[in-house]
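Biologist: I should like to understand how the descriptive terms used for a structure are justified. Could we take them in turn?

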Amino acid sequence: MEILLLMFVGISCSSSAVTPDNKEKSPHYWNAQAKETLEAALKQEPINHRAKNLMLFLGDGMGVTTVTAARILKGQMDGKPGEETVLTMDEFPYLALSKTYNVDRQVPDSAGTATAYLCGVKANAKTVGVSAAAEYDVCNTTFGNEVHSVLHRAKAQGKSVGIVTTTRVQHASPSAAYAHSVSRYWYADADMSKEDARDGCTDTALQLIRNTDIDVILGGGRKYMTPRGTPDPEYPTDGSQNGTRKDGKDLIQAWLDARRSKGAKYVWNKEQLDAVDVKSTNYLMGLFEPKDCKYEVNRNTTTDPSIVEMTEKAIQILRKNPKGFYLFVEGGRIDHGHHGGRAQKALTETVMFDRAVKRALELTEEQETLTVVTADHSHVFTLGGSTGRGNPIFGLAPKQAEDNMPFTSILYANGPGHALENGTRPNITSVDYMDVEYRQQAAVPLSSESHGGEDVAVFARGPMAHLFQGVKEQNYIAHVMAYAGCIEPYTECPKEPNSGAQTRSHAGLLAALLALLYLLGR
């Protein structure tokens with residue numbers, strides 16, 4: 001399936017539009033469709049009992065425009081116009097909007113937002129796992145201002161916990177699940193100053209293996225875990241991929257040594273991941289690149305696992321725990337594609353992210369699993385230009401601009417796609433704007449395209465998912481998940497799934513006994 005996804009670059013993304021079905025011209029089609037949707041909505045009832053499992057899927061940078069464009073891309077990959085296509089997340093019954101600002105920023109970053117949706121507390125930009133009382137890059141403001149994630153608290157209450165990401169596992173989003181740091185950039189001790197280390201601060205990689213006993217860790221980030229100069233197993237002749245740690249610690253080996261008696265395994269490629277026996281493996285660390293995992297369009301499907309495969313393996317291990325699990329899955333390279341001004345990379349990552357959501361739903365039960373899909377922030381990414389139905393998502397708008405030049409329907413407000421030739425925009429018909437490496441044009445020149453500040457969507461299904469409605473602060477997400485799973489600080493929780501049935505059963509038995517006593521006493 002992943003190989004087919006890679007093939008879309010040269011096959012499905014043609015420069016010609018796909019015509020919609022003639023049935024759409026009939027009022028009956030639209031009336032029948034709406035009636036069916038209405039009937040399903042009328043039958044929808046909230047699941048009011050406690051959640052055994054909690055899954056949070058985070059599309060980094062996956063704003064509403066990205067969701068829409070990815071939906072169209074998915075449909076066009078299947079040979080359809082695209083607009084009518086339904087993503088897995090689109091089918092979730094409950095929807096809300098999340099306000100993404102940081103305490104110190106109108107337009108947020110991924111670190112402060114991660115602290116909000118993972119820990120339940122809004123924070124400053126560039127900091128993870130600490131409140132807004134902690135200042136960016138000021139080590140001594142860390143202490144006393146630490147906040148703990150729902151993942152950390154779930155583990156303390158006996159659940160299994162896991163992290164899956166397409167970035168390095170020490171990156172901003174996943175690190176808020178286990179670390180407390182005033183700098184999101186302290187991946188390894190080599191990234192810290194001597195003064196910060198002297199004042200008692202520790203790097204994110206070290207906190208990964210010390211702070212929380214995480215059962216499954218899958219993503220990139222090998223180089224931050226091994227001593228400086230250690231050759232990378234996949235790129236042994238490339239010195240830039242070597243380990244970076246100054247303290248001489250091999251954190252991978254330390255993690256394994258502490259868990260060998262508990263069925264722990266470490267893997268670094270797809271073949272090893274595929275060979276993992278989930279029945280005998282209780283702890284799994286998989287680091288598949290020195291830094292971030294490869295973009296889906298560049299991924300070697302033989303050696304590198306996809307986000308779908310990582311999510312599948314994580315759930316298969318975590319779900320063995322009778323007390324349930326908490327899983328955080330991040331499609332982190334959606335964000336990176338947008339920063340680079342390369343929409344095709346960002347949208348392909350989004351399609352794969354949605355497929356990971358689909359696979360997770362297949363491996364779990366809706367009645368016992370609260371699943372939330374959201375984003376940390378958006379991007380200044382637009383889709384417009386009065387394009388016709390079925391227009392290729394990476395194609396041209398139908399009319400030329402005021403400068404008599406064509407333009408693509410996808411554009412960025414700022415970023416590296418800004419360019420001028422003789423005082424005007426270059427004529428893009430002279431380049432392959434359907435190529436995966438093509439950078440869509442941008443209005444303002446920036447070396448890296450910026451985040452957007454508007455609200456993002458929250459999709460939810462499962463126990464207590466109905467609590468996601470309206471416009472909410474981003475930190476509300478963590479609180480709903482903690483409440484649904486009866487995790488600290490919540491003690492007055494939803495009832496257990498079978499408590500109502502047990503109560504009715506006990507009531508029925510008592511009534512029968514009373515009736516028997518009545519008959520015997522006559």
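Modeller: The discussion below sets individual values against the cut-offs that give each term its meaning. Please note that this is a predicted model.

Biologist: Let us begin with Thr115. Why is Thr115 called buried?

Modeller: The term applies under 20% relative accessible area. Thr115 has a relative accessible area of 0%, and is therefore buried. Thr115 belongs to helix H4, which covers residues 110–119.

Biologist: Which residues does Thr115 touch, leaving aside those up to four places away in sequence?

Modeller: Among them are Gly120, Val121, Thr127, Val147 and Ala176. Gly129 is also one of the residues touched. The side chain of Thr115 reaches the backbone nitrogen of Gly129 at 3.1 Å.

Biologist: What makes that approach to Gly129 a polar contact?

Modeller: The limit for a pair of N or O atoms is 3.5 Å. The separation here is 3.1 Å, and so it falls within that limit.

Biologist: Thr113 also lies in helix H4. How do you know whether Thr113 is buried or exposed?

Modeller: Its relative accessibility is 1%, so Thr113 counts as buried. Beyond four places in sequence, Thr113 touches Thr100, Asn102, Pro108, Asp376 and Gln474.

Biologist: Let us turn to helix H3. How do you know that the span of H3 agrees with expectation?

Modeller: Helix H3 has 14 residues, 64–77, and should span 20 Å at 1.5 Å a residue. The C-alpha atoms at its ends are 20 Å apart, so the two values agree.

Biologist: Why is H3 described as largely enclosed by the rest of the structure?

Modeller: Of the 14 residues of H3, 10 are buried, and the description follows because of that count. The buried residues include Val67, Arg71, Ile72, Leu73 and Met77. H3 is followed by Gly79, which has a positive phi near 80°.

Biologist: How many aromatic pairs are there?

Modeller: The count comes to eight aromatic pairs. One of them joins Phe57 and Phe353, with 6.1 Å from centre to centre and 70° between the planes.

Biologist: Why is the pair of Phe57 and Phe353 called edge-to-face?

Modeller: Ring centres must lie within 6.5 Å to pair, and planes over 60 degrees apart count as edge-to-face. The centres of Phe57 and Phe353 are 6.1 Å apart and their planes meet at 70°, so both conditions are met. The pair links distant parts of the chain: Phe57 is in strand S1 (residues 53–59) and Phe353 in helix H13 (residues 343–363), 296 residues apart. Both Phe57 and Phe353 are buried.

Biologist: What makes the pair of Phe381 and Tyr412 tilted?

Modeller: The angle between the planes is 50°, with the centres 5.5 Å apart. Stacked planes are under 30 degrees apart and edge-to-face planes over 60, so an angle of 50° is called tilted. Phe381 is in strand S10 (residues 381–383) and Tyr412 in strand S11 (residues 410–415), 31 residues apart. Phe381 has 4% relative accessibility and therefore counts as buried; Tyr412, at 3%, counts as buried too.

Biologist: How many salt bridges does a search of the whole structure find?

Modeller: The search finds 31 salt bridges. In one of these, the side chains of Arg222 and Asp232 meet at 2.7 Å, N to O.

Biologist: Why is the contact of Glu309 with Lys270 called a salt bridge?

Modeller: The nitrogen of a Lys or Arg side chain must be within 4 Å of a carboxyl oxygen of Asp or Glu. The closest N and O atoms of Glu309 and Lys270 are 3.8 Å apart, so the pair qualifies. Glu309 lies in helix H11 (residues 307–318) and Lys270 in helix H10 (residues 270–275), so the pair ties together parts that are 39 residues apart in sequence.

Biologist: Glu289 and Lys294 also meet in a salt bridge, at 2.8 Å, N to O. Why is Lys294 called partly exposed?

Modeller: The term covers values between 20% and 50%. Lys294 has a relative accessible area of 31%, and is therefore partly exposed. Glu289, by contrast, has a relative accessible area of 6% and so is buried.

Key: Residues numbered from 1 in each chain as written. Heavy atoms only, no water. Helix = DSSP H or I, 4+ residues; strand = E, 2+ residues; numbered from the N terminus. Buried < 20%, exposed > 50% of the residue type's maximum accessible area, 1.4 Å probe, protein only. Contact = heavy atoms within 4.5 Å. Polar contact = N/O pair within 3.5 Å; in protein donor to acceptor, adjacent residues only side chain to side chain. Phe/Tyr/Trp six-rings, centres within 6.5 Å; stacked < 30°, edge-to-face > 60°. Expected span 1.5 Å × (residues − 1).
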